[in-house]
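Could you walk me through this protein in my viewer, one selection at a time? I have never looked at it before, so please tell me what to click on and what I will find there.

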Amino acid sequence: MFKAVPVHINFLLVVGVVMAEIKVLIEGYAKQVKGGWIASSTVTLIKSNGKNIIVDPGCNRKKLFEVLKKEKLSVSDIDFVILTHAHADHTLLCGIFDKARVLNAVEIYDNDRQVEYGNFVPDTDVEIIQTPGHCVEHCSVLISTEKGTVVVAGDVFWWVESEKQIVDVEKVDDAHPLETNMVELIKSRKKIIAVAEFIIPGHGKMFKAQKKVCQG
Ligand SMILES: [Zn+2]
Ligand SMILES: [Zn+2]
């Protein structure tokens with residue numbers, strides 16, 4: 001267990017002749033209230049090889065339009081939307097991007113045309129890895145940068161607003177007890193920590209991965 005060290009940096013890197021950029025547009029939040037939750041996922045923008053990619057558009061419409069405007073992006077400028085998993089706090093707004101192809105763990109949708117794909121977002125260096133546990137079909141997004149590998153981890157890691165952001169691979173995730181498989185989730189957490197320098201959680205602040213928690 002360790003306390004996550006939040007980091008507030010954007011990554012600029014050169015991959016061959018391609019410059020890629022990763023930016024957290026909205027930091028995900030989750031707060032339990034009477035009868036339910038106030039929650040929306042972290043929204044991450046990746047620019048790779050001239051493509052604009054959104055990971056998890058979330059469900060806060062007002063905030064999403066605000067941050068896109070700030071980035072000088074219209075909804076039509078987004079080429080791909082990656083959904084780490086199907087929960088509505090991550091996926092609700094994916095339909096606003098009228099030109100985007102939508103990827104989940106195994107498929108790409110282009111309107112009603114569905115194809116399976118390999119491990120990479122087409123024409124980019126952005127890799128998708130399978131990270132089941134929070135639910136069966138959960139993936140994470142891996143981007144190699146000069147500052148190390150960044151993993152956009154969806155709900156493999158997440159915290160409620162009132163919690164201290166402590167990274168514990170065995171922390172029980174009981175928000176969706178019928179879907180969550182703790183054995184798989186622990187494996188996915190270790191897998192991400194093993195490859196990542198920085199981890200962007202589904203709800204909470206980006207943090208630096210501490211390798212020692214995944215040993216033993
Ligand atoms: Zn979530
Ligand atoms: Zn979820």
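Start by selecting V81 in this predicted model. Leaving aside residues up to four places away in sequence, V81 touches I54, P57, C94, F97, A100 and V102. Show those six side chains together with V81.

Now widen the selection to the core. The largest nonpolar core has 51 residues, and V81, I82, V141, V151 and I199 are the ones that touch the most other members. Strand β13 gives the most to this core, with 4 residues. As a general background, nonpolar side chains tend to be buried together in soluble globular proteins.

Next, colour β13 (residues 139–145) and β14 (residues 148–152): they run antiparallel and are joined by 5 bridges. One pair to pick out is S144 and its bridge partner in β14, T149. Helix α3 (residues 182–195) packs on the sheet here, touching β13, β14 and β16 (198–200). The direction of α3 makes about 150 degrees with that of β14.

Zoom out to see the whole sheet. It is open, has 5 strands in the order β12-β13-β14-β16-β17, and its pairing is mixed. Which strands stand at the edges? They are β12 (127–130) and β17 (207–208); each has a single partner strand, so one side of each is left without a neighbour in the sheet.

For the next stop, select residues 101–103, which are strand β9, and residues 107–110, which are strand β10. These two run antiparallel with 2 bridges between them, and a hairpin of 3 residues joins them. Look for L103, whose bridge partner in β10 is I108.

Keep going along the chain to β11 (residues 113–116), which is antiparallel to β10 and joined to it by 4 bridges. Here Y109 stands opposite Q114. This is another hairpin, with 2 residues between β10 and β11. Click on N111 in the turn: its phi is positive, about 50 degrees.

Now select H87, in the loop between β8 (80–82) and α2 (88–91). Is H87 buried or exposed? H87 counts as buried because 22 C-beta neighbours lie inside 10 Å. Add H176 to the view: the two C-alpha atoms are separated by 9.8 Å, although these residues are 89 apart along the chain.

Finally, show the full chain. It holds 3 helices and 17 strands, and 42% of its 216 residues count as buried. Of the contacts between residues at least 6 apart in sequence, 59% join residues at least 24 apart.

Technical notes
Residues numbered from 1 in each chain as written. Chains lettered and ligands numbered in written order. Predicted model: local features only at pLDDT ≥ 70, side-chain atom pairs only at ≥ 80, totals over all residues. Buried ≥ 20, exposed ≤ 12 C-beta atoms within 10 Å, placed from the backbone. Contact = placed C-beta atoms within 7 Å. Pairing = 2+ DSSP bridges. Axes fitted to C-alpha atoms, helices over the stretch in contact; angles between N-to-C directions. Core = buried A, V, L, I, M, F, W, Y, C linked by C-beta atoms within 7 Å.
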